[in-house]
Amino acid sequence: MILSDNLEMAARQIRLYTLKELKSLGFGHFGGSLSIVEALAVIYGKHLAVDPQNPDDPNRDYFVLSKGHGGPALYATLFLKGFFTEDRLYTLNQNGTTLPSHPDRNLTPGVEMTTGSLGQGISVAGGIAFGNMLAGRDNYTYVIVGDGELNEGQCWEAFQFIGHHRLDHLIVFIDDNKKQLDGLTADIIDPLDLEAKMQAFGFHTEKVDGKSTQAIDNAIQKAKNSSGKPYTIVLDTVKGQGVTHIEEKADNHHLRPNDADWQAINDAILELEDDLKGVRA
(Lines give C-alpha, C1' and ligand atoms only; values in the text may rest on other atoms or scores of the structure.)
Protein backbone atom coordinates (compact mmCIF):
# COMPACT_ATOMS: atom_id res chain seq x y z
CA MET A 1 0.00 0.00 0.00
CA ILE A 2 1.20 3.54 -0.83
CA LEU A 3 0.55 6.55 1.39
CA SER A 4 -2.53 8.22 -0.06
CA ASP A 5 -2.48 11.74 -1.47
CA ASN A 6 -5.81 12.24 0.31
CA LEU A 7 -4.75 13.32 3.81
CA GLU A 8 -7.81 11.85 5.54
CA MET A 9 -7.16 8.52 3.84
CA ALA A 10 -3.47 8.77 4.71
CA ALA A 11 -4.36 9.17 8.40
CA ARG A 12 -6.59 6.10 8.22
CA GLN A 13 -3.78 4.12 6.61
CA ILE A 14 -1.27 5.12 9.28
CA ARG A 15 -3.74 4.37 12.08
CA LEU A 16 -4.53 0.95 10.57
CA TYR A 17 -0.91 -0.15 10.29
CA THR A 18 0.00 1.29 13.69
CA LEU A 19 -2.71 -0.89 15.23
CA LYS A 20 -1.71 -3.93 13.17
CA GLU A 21 1.95 -3.77 14.14
CA LEU A 22 1.13 -3.24 17.83
CA LYS A 23 -1.31 -6.12 17.65
CA SER A 24 1.43 -8.33 16.22
CA LEU A 25 3.64 -7.47 19.18
CA GLY A 26 0.84 -7.88 21.71
CA PHE A 27 1.48 -4.72 23.72
CA GLY A 28 3.02 -1.30 23.38
CA HIS A 29 2.66 2.47 23.23
CA PHE A 30 -0.82 2.76 21.80
CA GLY A 31 -1.84 6.12 23.31
CA GLY A 32 0.98 8.39 22.20
CA SER A 33 1.35 6.69 18.83
CA LEU A 34 -2.30 7.19 17.90
CA SER A 35 -2.35 10.85 18.95
CA ILE A 36 0.21 11.86 16.30
CA VAL A 37 -1.33 9.99 13.35
CA GLU A 38 -2.98 13.03 11.74
CA ALA A 39 0.17 15.11 12.08
CA LEU A 40 2.26 12.38 10.45
CA ALA A 41 -0.29 12.02 7.65
CA VAL A 42 -0.02 15.71 6.77
CA ILE A 43 3.75 16.00 7.21
CA TYR A 44 4.62 12.88 5.19
CA GLY A 45 1.58 12.95 2.92
CA LYS A 46 2.10 16.49 1.65
CA HIS A 47 4.94 18.56 3.06
CA LEU A 48 8.07 16.54 3.85
CA ALA A 49 10.47 16.49 0.90
CA VAL A 50 12.11 13.07 1.19
CA ASP A 51 12.89 10.35 -1.34
CA PRO A 52 13.09 6.75 -0.07
CA GLN A 53 15.28 6.00 -3.09
CA ASN A 54 17.71 8.79 -2.15
CA PRO A 55 17.36 9.11 1.64
CA ASP A 56 20.66 10.96 2.13
CA ASP A 57 19.93 13.80 -0.27
CA PRO A 58 21.52 16.82 1.46
CA ASN A 59 18.62 19.00 0.32
CA ARG A 60 15.96 16.77 1.87
CA ASP A 61 13.66 17.87 4.64
CA TYR A 62 14.24 16.36 8.08
CA PHE A 63 11.77 14.86 10.53
CA VAL A 64 12.59 14.16 14.19
CA LEU A 65 10.19 12.32 16.51
CA SER A 66 11.38 13.71 19.83
CA LYS A 67 8.68 11.73 21.70
CA GLY A 68 10.28 8.49 20.65
CA HIS A 69 7.63 6.26 22.23
CA GLY A 70 5.42 7.22 19.27
CA GLY A 71 7.73 5.10 17.12
CA PRO A 72 5.06 2.61 15.98
CA ALA A 73 3.14 5.39 14.21
CA LEU A 74 6.34 6.63 12.56
CA TYR A 75 7.19 3.10 11.39
CA ALA A 76 3.74 2.68 9.87
CA THR A 77 4.26 5.97 8.05
CA LEU A 78 7.72 5.04 6.78
CA PHE A 79 6.37 1.73 5.46
CA LEU A 80 3.57 3.51 3.62
CA LYS A 81 6.07 6.04 2.27
CA GLY A 82 8.14 3.20 0.78
CA PHE A 83 11.19 3.04 3.05
CA PHE A 84 10.67 -0.69 3.73
CA THR A 85 8.18 -3.50 3.19
CA GLU A 86 5.16 -4.41 5.30
CA ASP A 87 6.64 -7.59 6.73
CA ARG A 88 9.21 -5.56 8.66
CA LEU A 89 6.40 -3.84 10.61
CA TYR A 90 5.53 -7.11 12.31
CA THR A 91 9.00 -7.47 13.80
CA LEU A 92 8.39 -4.43 16.02
CA ASN A 93 10.46 -4.59 19.22
CA GLN A 94 11.39 -8.25 18.73
CA ASN A 95 14.88 -9.75 18.99
CA GLY A 96 16.97 -8.78 15.97
CA THR A 97 14.46 -6.24 14.69
CA THR A 98 15.35 -3.05 12.84
CA LEU A 99 12.24 -1.47 14.40
CA PRO A 100 12.99 -1.08 18.10
CA SER A 101 10.45 0.31 20.54
CA HIS A 102 11.94 3.80 20.08
CA PRO A 103 13.45 4.99 16.77
CA ASP A 104 17.12 4.30 16.04
CA ARG A 105 18.78 6.04 13.09
CA ASN A 106 21.35 3.25 12.83
CA LEU A 107 18.70 0.59 12.33
CA THR A 108 15.66 2.00 10.54
CA PRO A 109 15.60 3.47 7.01
CA GLY A 110 14.07 6.93 7.06
CA VAL A 111 14.80 7.67 10.74
CA GLU A 112 16.97 10.79 11.03
CA MET A 113 17.53 10.79 14.78
CA THR A 114 17.65 8.19 17.55
CA THR A 115 15.12 9.28 20.17
CA GLY A 116 13.48 8.02 23.33
CA SER A 117 15.47 9.87 25.96
CA LEU A 118 12.87 12.59 26.29
CA GLY A 119 13.97 16.17 25.73
CA GLN A 120 16.87 15.38 23.41
CA GLY A 121 15.07 15.30 20.07
CA ILE A 122 14.17 18.97 20.06
CA SER A 123 17.82 19.88 20.73
CA VAL A 124 18.97 17.80 17.77
CA ALA A 125 16.23 19.22 15.54
CA GLY A 126 17.46 22.69 16.44
CA GLY A 127 20.99 21.66 15.54
CA ILE A 128 19.87 20.23 12.21
CA ALA A 129 17.97 23.40 11.34
CA PHE A 130 20.91 25.58 12.41
CA GLY A 131 23.36 23.53 10.35
CA ASN A 132 21.14 23.73 7.28
CA MET A 133 20.83 27.49 7.71
CA LEU A 134 24.62 27.88 7.93
CA ALA A 135 24.97 25.75 4.79
CA GLY A 136 22.54 28.01 2.94
CA ARG A 137 19.97 25.28 2.40
CA ASP A 138 16.29 26.10 2.11
CA ASN A 139 14.98 22.81 3.47
CA TYR A 140 12.68 22.39 6.48
CA THR A 141 13.05 20.51 9.74
CA TYR A 142 9.90 19.16 11.44
CA VAL A 143 9.88 17.89 15.02
CA ILE A 144 7.12 16.46 17.24
CA VAL A 145 7.49 16.80 21.01
CA GLY A 146 5.09 15.58 23.67
CA ASP A 147 3.35 17.79 26.22
CA GLY A 148 4.66 15.58 29.01
CA GLU A 149 8.11 15.71 27.45
CA LEU A 150 8.13 19.45 28.08
CA ASN A 151 8.73 18.62 31.76
CA GLU A 152 12.35 18.25 30.64
CA GLY A 153 14.35 21.45 31.03
CA GLN A 154 16.45 20.58 28.00
CA CYS A 155 13.46 21.35 25.76
CA TRP A 156 13.37 24.94 27.01
CA GLU A 157 17.11 25.37 26.59
CA ALA A 158 16.68 24.21 23.00
CA PHE A 159 13.76 26.57 22.44
CA GLN A 160 15.92 29.48 23.65
CA PHE A 161 18.59 28.53 21.11
CA ILE A 162 16.07 28.09 18.30
CA GLY A 163 14.33 31.37 19.04
CA HIS A 164 17.60 33.29 19.40
CA HIS A 165 18.82 32.12 16.00
CA ARG A 166 15.44 32.76 14.36
CA LEU A 167 15.36 29.33 12.76
CA ASP A 168 12.34 30.00 10.59
CA HIS A 169 12.72 26.73 8.67
CA LEU A 170 12.03 24.73 11.83
CA ILE A 171 8.44 23.76 12.62
CA VAL A 172 7.77 22.39 16.11
CA PHE A 173 4.62 20.36 16.79
CA ILE A 174 3.58 19.93 20.43
CA ASP A 175 1.38 16.86 20.86
CA ASP A 176 -0.90 18.25 23.54
CA ASN A 177 -2.72 15.01 24.35
CA LYS A 178 -3.11 15.97 28.03
CA LYS A 179 -1.53 12.79 29.43
CA GLN A 180 1.84 11.26 30.15
CA LEU A 181 3.07 7.98 31.63
CA ASP A 182 1.91 8.67 35.20
CA GLY A 183 -1.35 10.51 34.60
CA LEU A 184 -2.71 13.85 33.49
CA THR A 185 -0.03 16.31 32.42
CA ALA A 186 -1.78 19.13 34.29
CA ASP A 187 -1.61 17.14 37.54
CA ILE A 188 2.07 16.25 37.24
CA ILE A 189 3.48 19.59 36.06
CA ASP A 190 0.89 22.00 34.71
CA PRO A 191 2.15 23.24 31.31
CA LEU A 192 0.03 26.41 31.68
CA ASP A 193 -0.45 28.35 28.42
CA LEU A 194 1.76 26.64 25.85
CA GLU A 195 0.97 29.19 23.15
CA ALA A 196 2.00 32.11 25.35
CA LYS A 197 5.13 30.32 26.53
CA MET A 198 6.30 29.52 23.01
CA GLN A 199 5.59 33.07 21.89
CA ALA A 200 7.71 34.31 24.81
CA PHE A 201 10.55 32.10 23.52
CA GLY A 202 10.42 33.83 20.15
CA PHE A 203 8.14 31.53 18.13
CA HIS A 204 5.18 32.24 15.91
CA THR A 205 2.58 29.98 17.56
CA GLU A 206 -0.93 28.70 16.96
CA LYS A 207 -3.12 25.98 18.40
CA VAL A 208 -5.06 23.71 16.05
CA ASP A 209 -7.39 20.74 16.18
CA GLY A 210 -4.94 17.84 16.10
CA LYS A 211 -7.67 15.53 14.84
CA SER A 212 -8.13 17.60 11.66
CA THR A 213 -5.73 17.00 8.79
CA GLN A 214 -7.08 20.17 7.13
CA ALA A 215 -6.31 22.31 10.19
CA ILE A 216 -2.81 20.88 10.45
CA ASP A 217 -2.20 21.39 6.74
CA ASN A 218 -3.36 25.01 6.96
CA ALA A 219 -1.05 25.63 9.91
CA ILE A 220 1.97 24.22 8.09
CA GLN A 221 1.19 26.38 5.07
CA LYS A 222 1.09 29.43 7.36
CA ALA A 223 4.40 28.40 8.93
CA LYS A 224 6.02 28.19 5.51
CA ASN A 225 4.62 31.56 4.56
CA SER A 226 6.04 33.24 7.67
CA SER A 227 9.63 34.27 8.20
CA GLY A 228 11.98 35.63 10.82
CA LYS A 229 10.91 33.26 13.59
CA PRO A 230 10.54 29.52 14.15
CA TYR A 231 6.97 28.21 14.22
CA THR A 232 5.12 26.15 16.81
CA ILE A 233 1.90 24.27 16.09
CA VAL A 234 0.20 23.11 19.29
CA LEU A 235 -1.86 20.04 18.41
CA ASP A 236 -5.02 19.67 20.51
CA THR A 237 -5.14 15.88 20.57
CA VAL A 238 -6.44 12.94 22.61
CA LYS A 239 -4.27 10.07 23.79
CA GLY A 240 -5.38 6.99 21.88
CA GLN A 241 -6.87 9.22 19.19
CA GLY A 242 -9.18 7.56 16.68
CA VAL A 243 -10.03 4.49 18.78
CA THR A 244 -12.75 5.52 21.23
CA HIS A 245 -12.21 2.62 23.63
CA ILE A 246 -8.51 3.47 24.01
CA GLU A 247 -9.23 7.21 24.26
CA GLU A 248 -11.51 6.51 27.22
CA LYS A 249 -9.03 4.34 29.15
CA ALA A 250 -7.49 6.15 32.09
CA ASP A 251 -4.12 4.39 31.71
CA ASN A 252 -3.51 4.34 27.96
CA HIS A 253 0.14 5.33 27.62
CA HIS A 254 1.43 1.76 27.31
CA LEU A 255 -1.11 -1.05 27.02
CA ARG A 256 -1.03 -4.76 27.65
CA PRO A 257 -4.54 -5.17 26.27
CA ASN A 258 -7.21 -7.21 28.05
CA ASP A 259 -10.02 -9.01 26.22
CA ALA A 260 -12.20 -5.88 25.97
CA ASP A 261 -9.25 -3.88 24.65
CA TRP A 262 -8.49 -6.49 21.98
CA GLN A 263 -12.12 -6.53 20.91
CA ALA A 264 -12.03 -2.75 20.41
CA ILE A 265 -8.67 -2.91 18.61
CA ASN A 266 -9.85 -5.68 16.28
CA ASP A 267 -13.07 -3.78 15.57
CA ALA A 268 -11.07 -0.64 14.75
CA ILE A 269 -8.81 -2.60 12.39
CA LEU A 270 -11.80 -4.08 10.56
CA GLU A 271 -13.47 -0.67 10.28
CA LEU A 272 -10.32 0.95 8.92
CA GLU A 273 -9.77 -1.87 6.44
CA ASP A 274 -13.33 -1.41 5.22
CA ASP A 275 -12.80 2.37 4.89
CA LEU A 276 -9.67 1.78 2.83
CA LYS A 277 -11.10 -0.68 0.31
CA GLY A 278 -10.19 0.53 -3.12
CA VAL A 279 -7.26 2.65 -1.99
CA ARG A 280 -4.36 1.83 -4.29
CA ALA A 281 -2.09 -0.92 -3.07
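Visitor: Quick one to start: in E3, what's the bridge partner of Thr141?

Guide: That's Leu170. Keep in mind that we're looking at a predicted model here.

Visitor: And how does the chain get from E2 to E3?

Guide: Through helix H7, residues 153-164, and this β-α-β crossover is right-handed.

Visitor: OK, so how many bridges join E2 to E3, and do they run parallel or antiparallel?

Guide: Six bridges, with E2 (residues 141-146) and E3 running parallel.

Visitor: What about E3 and E7, how do those pair?

Guide: Also in the parallel sense, over six bridges, with E7 covering residues 231-236. As one example, Val172 has Thr232 as its bridge partner in E7.

Visitor: Stay on E3 for a second. Which residues point which way?

Guide: Leu170, Val172, Ile174 and Asp176 point one way, while Ile171, Phe173 and Asp175 point the other way. That fits the usual pattern, where side chains in a regular strand alternate between the two faces of the sheet.

Visitor: Are those E3 residues buried or exposed?

Guide: All are buried, Asp175 and Asp176 included. With seven of the seven residues in E3 (170-176) buried, the strand is largely enclosed by the rest of the structure.

Visitor: Let's zoom out. What's the strand order in the sheet?

Guide: E1-E2-E3-E7-E6, an open sheet of five strands with parallel pairing.

Visitor: Which strands stand at the edges?

Guide: E1 (62-65) and E6 (204-209). Each has a single partner strand, so one side of each is left without a neighbour in the sheet.

Visitor: How much are neighbouring strands turned against each other?

Guide: By 20 degrees on average, direction ignored.

Visitor: And what joins E6 to E7?

Guide: Six bridges, and the two run parallel. Asp209 stands opposite Asp236 of E7 there.

Visitor: Where does helix H3 touch the sheet?

Guide: H3 (residues 37-47) touches E1, E2, E3 and E7, and its direction makes about 175 degrees with that of E2. Helix H6 (residues 120-134) packs on the sheet too, touching E1, E2 and E3, at about 165 degrees to the direction of E2.

Visitor: Switching topic: at what angle do H1 and H4 pack?

Guide: About 120 degrees, with the axes of H1 (residues 7-25) and H4 (residues 71-81) 8 Å apart. That angle makes H1 oblique to H4.

Visitor: Is the crossing left-handed or right-handed?

Guide: H1 passes H4 in a right-handed crossing.

Visitor: Which residues make the contact?

Guide: From H1, they include Gln13, Ile14, Tyr17 and Leu22. On the H4 side, Pro72, Tyr75, Phe79 and Leu80 are among them.

Key:
Residues numbered from 1 in each chain as written. Predicted model: local features only at pLDDT ≥ 70, side-chain atom pairs only at ≥ 80, totals over all residues. Heavy atoms only, no water. Buried < 20%, exposed > 50% of the residue type's maximum accessible area, 1.4 Å probe, protein only. Helix = DSSP H or I, 4+ residues; strand = E, 2+ residues; numbered from the N terminus. Pairing = 2+ DSSP bridges. Right-handed = clockwise from strand over helix to strand, strands pointing away. Axes fitted to C-alpha atoms, helices over the stretch in contact; angles between N-to-C directions. Parallel < 35°, antiparallel > 145°, perpendicular 65-115°, else oblique. Left-handed = near helix turned anticlockwise from the far one by under 90°. Contact = heavy atoms within 4.5 Å.
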